[in-house]
Amino acid sequence: MRKLKTKHIPVIFWALCILVATNNFNFQALLFAREINFDLYLFPDFSDLFDLSSIHLDSRLYVFQKIGHVISFAILFWLAARSIGDNTKAIVLCSLFAFFTEVLQLFFHRTGRLTDVLIDIGGIYLAYRLSGYIKEQGGLVPAFWTTLQKIGDVFSDDKSN
């Protein structure tokens, strides 16, 4: 049997954090009162995965949760890519995990949606592109300064018009 390598521990820990956050019975209780509570439901309605009626872009909490999806899965990709050393495998594994978390939510009286899978994959793709840009620039610090310079160039071009 293969031993768990220590380089995989951050990925596993972060994935467990995502599972706790996504399957907790009451997200607001987790967020504000730090209450963890799971309510298992053995016979979910899988058609809920296709429900689009729960999209509430006018709700700050809803938008906050979706930003959380993007950031959580971006971090998961970054950790997984560093751990296994292969971006393609990391994208596939993280995307499958995104689908798994949404299906699993149905068993915990949560709203698992395919739209959330797409949002999660958006976070994975964002992290993939960002990590490629950072690597292309020669590291985080050069990427940061190059980006600042580009932003500054945009503003200086506006002043000349």
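Begin with the lining of the second largest pocket in this predicted model, and select helix 3 before anything else, since the largest share of that lining, six residues, comes from this helix. Helix 3 covers 60-84, and together with helix 5 (114-137) it belongs to the elements that each supply at least two residues of the lining. To display the whole lining, select Val70, Ile71, Ala74, Ile75, Trp78, Arg82, Leu126, Ala127, Leu130, Ser131, Ile134 and Leu140; by class these are ten nonpolar, one polar and one charged residues, set around a pocket with a volume of about 250 Å³.

Next, keep helix 3 selected and look along its length. The end C-alpha atoms are 36 Å apart, which agrees with the 36 Å that its 25 residues should span at 1.5 Å a residue. Just after the helix, select Gly85, which takes a positive phi of about 75°.

Then colour the buried residues of helix 3, among them Phe73, Ala74, Leu76, Phe77, Leu79 and Ala80, but also Lys66 and His69.

From here, move to the largest nonpolar core, where Phe73, Leu76, Phe77, Cys94 and Phe97 touch the most other members among its 17 residues. Two or more residues of this core come from each of helix 1 (9-23), helix 3, helix 4 (87-105) and helix 5, and helix 3 gives the most, with seven.

Finish by centring the view on Leu76. Which residues is Leu76 in contact with, leaving aside its neighbours within four places in sequence? Selecting Val11, Trp14, Ala15, Ile18, Cys94 and Phe97 shows these partners.

Conventions:
Residues numbered from 1 in each chain as written. Predicted model: local features only at pLDDT ≥ 70, side-chain atom pairs only at ≥ 80, totals over all residues. Heavy atoms only, no water. 1 Å grid on protein atoms, 1.4 Å probe; cavity = no way out; pocket = protein on both sides within 12 Å on 5 of 7 lines; lining within 4 Å. Points joined across faces, edges and corners; volume = space filled by probe spheres on them. Helix = DSSP H or I, 4+ residues; strand = E, 2+ residues; numbered from the N terminus. Nonpolar A, V, L, I, M, F, W, Y, C, P; charged D, E, K, R; others polar. Core = buried A, V, L, I, M, F, W, Y, C linked by side-chain atoms within 4.5 Å. Buried < 20%, exposed > 50% of the residue type's maximum accessible area, 1.4 Å probe, protein only. Contact = heavy atoms within 4.5 Å. Expected span 1.5 Å × (residues − 1).
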